[in-house]
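Reader: Hey, could you walk me through one part of this thing up close, and then show me how to read a couple of other spots in the same way?

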Amino acid sequence: MTGEIENGDLAIRDVADLLQSQYAIIAGGKTREGCPIITFPDNGNFHNLSDLDYQRLMLYLTSVPTLQEADLGFHLIIDRRNDKWNSVKTVLLKISGFFPGLVHVAYVLRPAGFLQKAISEVSNKLFREDFKFRVIFLANVAELHEFIDKDQLTEQLGGTLPYCHHTWIQNRISLEKFSSMTQDVSLALDSFTRRLAEIEFPNNTIATTSLLSQQQVEYNELKEEILSAARHGEALLDSVRQLTGKGTADRLGNVAAIERLLVQLEETERTFDLFWTHHSSRLRHCLALRQFEADFRELQAILDQHIKTIEEMTEVGETQARVEQLLCDTSAFQRICRGDIERAEEVISAGQQLLSGRHQCPTDVVEPKCVELQRICTILSQRLERRLHMLTKELMERIDKANAWCTRGIELLASQNNTTPPDQALQELQELIEAAEEFHHPRCIFQDSVMPETKALITQVLQRIEDVSLMCDKRIMTLKQQLIKPARPVQTVTPEPVKPLQSLPQIVKPGRILKKANTMPKMEMSPIEGESSSPESESKDAEALRLKRGHVLAELVETERIYVAELGSIIKGYKMELTNEGMVHLVPAALVGKADILFGNLEDIYIFHGETFLRDLENCISNTELVALCFVQRREVFFRLYSYYCQNIPKSERLREKIQTEPQFLAACQQRLGHKLPLAAYLLKPVQRITKYQLLLKDLLKYSDEPSCCTELQEALDCMLVVLKCVNDSMHQTAITGFGGDLNAQGELLLQGSFSVWSSSKRERLLRLKPSQRHIFLYEKALIFCKHSKPQAHNKATYHFKRYLKMSQIGLTESVKGDARRFEIWLQGRAEVHTIQALTVDIKQSWVRQIKGVLMSQLAELKGKQNSALGKTNHKPLRQTISWEAQGSVSGSLRTLSVDGSSVISHITDVSQSTEDDVAWSSENSNTDDEDAFSENPGPAPAGRYVALADYCAVGQSEVTMREGDNLELLKVGCAGWWFVKLISTGIEGWAPAAYLEPLNRKTSRSSQSVNSQETI
């Protein structure tokens, strides 16, 4: 912006009449030194200009150039060729008397008349020394051109600089109008920001919300004024450039002045936006604080009332009906309280966010309220639990006593073998029976306590008491017979002795707190010695099966407890330590804020198994059918939790690779926990556990003989196999690379597998004589062809996207001449044909059946006869895909099937209408698959031998199963902690986690490394 206009001293409206008379003009020309030129035209009217008007005119004209140009000084051109000498003298005297700037030279074009020329020559000699600046008298414009270039002079002075006085005035008016507009906007913004900075925030939610809304409206209005001024400036800039031309506009400085004003306006807008962002954030923070205080007051009153209500609930109940009603009322009240407690937790979370926000928050106001809410919620929860416990305490005491007696009886029966004297065994059993006379009629004990909530539990306890009593009675009878007469020489099969059960506190690791189970395992006993073979030969086999089944059930529960304890140790010993102030300095920078990536949803898995699944197993362990039902009912939770965890494994491995150079934190955690294995080994536990379930279920099914029990176990086994397959499919799906679309939009993954593929295309005239190895994914809505990429490190499958076909656009040929393992997938008019060869006929048949099912569902939908199978129900994550086992033989005839929406509506179809929109190719140009392979044969690298630190169960075909103490030879070192090894004893090769191995000659290397790393810390 120009100097004087910026100061606001004079505007064009103040000198408009003086500018119209052209007493003096500034056309935009400059001397060779860059000094601006002011011209006094020879109009013969300068004598009419008063001294005050002259000063105003000079002040305005000298303000037109920029400050930098004005500081250089001015050159004046006084044209008096048609005037008299007195006029020259008048102008010079006024300039000498007042000029608001530095004058270097005044060029005077003296009068051209003979008499005036003579007078000027005389006067020039007399008055030359009276002026404060240099005066050069010129006889004509030619002499002027010696000092100033022609392109800087107007046509009146013999120059070529275009100048229109009217246009110049109009530009100045527009420029000053825009400058005034920017000043008004700036003043409005200053007033608004000053007012907002001085205002006090309200003390209630309603007033704060109203203030925020009001100020938002004012901000929007001012923002619109800024944008309007900017639009006006842009339009003005375009107008000036079009009207005067680029050269003149540059010389006049109008373009530069407008651009400076626009830059200034943009900077003002940016400053204003930053201020508003900060202010509105503070105001919203204040609103959140007021809302927090209001919610606190409301919830405090509600929770206090709940506590008073629960304190008044003192009735225990004298009859079964009354106890049942009290339990129902307490449970209903607990649900109400739980909703308010959840609201309180949300308010506490909001308060913690206020404390951790970037705006200062009064800690002494928020933190005590959070503590108080937490305290009230804890008290209310404890009193609710105590109330429920009080109503069922007597029943639980009876159940615990019965379970303890059953456990003692089972252990006693299991510990007696051939070496135990009959009289001693008989005495021990009689003492056991006499010690619990109350259990001789167990139904009378629990008769008054049977309620809907406890009926199932009491039934299990009663059944257990009867089973143990029956086994004890049979054993006592047998022992008495042995003491009376010698046993007949009957060959008996003595089963493997049962290891006495340990109590729960001995199983659980120190420091781990688990709720005691309400039931104890039901253990089936071995055949009794001395029993006659003829009447009880069948019962011996049944008892043997029950014994083995008991072993498996005990292993299931015990390993589940160990699994939960190990997960808890990882969560508490590693994940929670990330936020421990004493360990923060050891946490690598790459690990900060990445706990969810390193551990995935491991905490959700721990909560599910510790609080739900383990309790289910403990409560149902006496009934094999109920155990099977636990797996069936929780299958969707299994799939959701473990599929997410397995999909996160690659991210976790990459993160652990990044922090390998900073092992201090993980080493310190491992040392504190006393773990023999590092964290990587424990992160594999969920994958191993989900694989272990189906093995245990197979053993239970093997040792079960009751048809109903076998049916339930088979269903449970099928469910876990489906979960394993779905988890495996989801991991394969995450290995797809290069696909630009959304895999979730393709529907459910039905099948996936590797095939040999011959492709031909009419459009590209492509005919593949050599098959390509492709891994194909069959979704509900698409077929995706991928290329199996050889990994550079460990054999974790990756699939590079090659081809995409919509299921709504393909046709199917079930059989192809030459090989019963082949079938064809083709587009309309066979414009593109893919001949697919499976490894076996069974695999081919299963794919054909599945593809036919999808196509027939689409056909039925198009005809309107039935709902589409794709849209009939919501997505079911646990769906068992078709087995590899074929059902039927290959048809000898050539059968094809295709679904096309247009063909159903009309038979007149143009095959050429098929476009590339329905199919997609990979962007990779090369389709050569000579290097495709689905297995690796790495050569052994020079390395030593290692020993397995713990058992490891292989998850995939490429991995190897190890037992603790096995010796292995290292063949190849992969990445992310995977090694390719060979078992010395069997020669089996495969991939294994390096965390499970240590050098054979250094048995405790890993533990010592952890200690050393901790010492260095």
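Author: Sure, start with a single pair: R945 has E969 of strand 17 as its bridge partner. Before we go on, the model is predicted, so local features need pLDDT of at least 70 and side-chain atom pairs 80 or more, while totals for chains, interfaces and linings use all residues. Residues count from 1 along each chain as its sequence is written, and side-chain values use heavy atoms, with hydrogens and water left out.

Now zoom out a little. Strand 16 (residues 945-948) pairs with strand 17 (residues 967-973) in the antiparallel sense, over three bridges. (Two strands pair if DSSP finds at least two bridges between them; strands are DSSP runs of E, at least two residues, and helices are runs of H or I, at least four, all numbered from the N terminus.) Strand 16 also pairs with strand 20, again antiparallel and over three bridges. There, A948 stands opposite L997 of strand 20.

Put the pairs together and you get an open sheet of five strands, in the order 19-18-17-16-20, with antiparallel pairing. Strand 19 (989-993) and strand 20 (997-999) sit at the edges with a single partner strand each, so one side of each has no neighbour in the sheet. Follow the sheet across and neighbouring strands are turned by 50 degrees against each other on average, direction ignored.

Next, try a pair of helices. Helix 21 (residues 624-633) and helix 26 (residues 707-734) have axes that come within 8 Å and cross at roughly 25 degrees. (Axes are lines fitted to C-alpha atoms, for helices over the stretch in contact, with angles from 0 to 180 degrees between N-to-C directions.) That makes helix 21 roughly parallel to helix 26, a label for angles under 35 degrees.

Finally, look for empty space. The structure holds seven cavities of 30 Å³ or more, a cavity being a set of points on a 1 Å grid where a 1.4 Å probe fits but cannot get out. The second largest has a volume of about 90 Å³, counted as the space filled by probe spheres set on the points. It is lined by 13 residues, those with an atom within 4 Å of a point, and the closest to its centre are Y645, I649, S652, R656 and L683. Helix 22 (635-658) and helix 19 (595-599) each supply at least two residues of this lining, and the largest share, six residues, comes from helix 22.

Key:
1 Å grid on protein atoms, 1.4 Å probe; cavity = no way out; pocket = protein on both sides within 12 Å on 5 of 7 lines; lining within 4 Å. Parallel < 35°, antiparallel > 145°, perpendicular 65-115°, else oblique.
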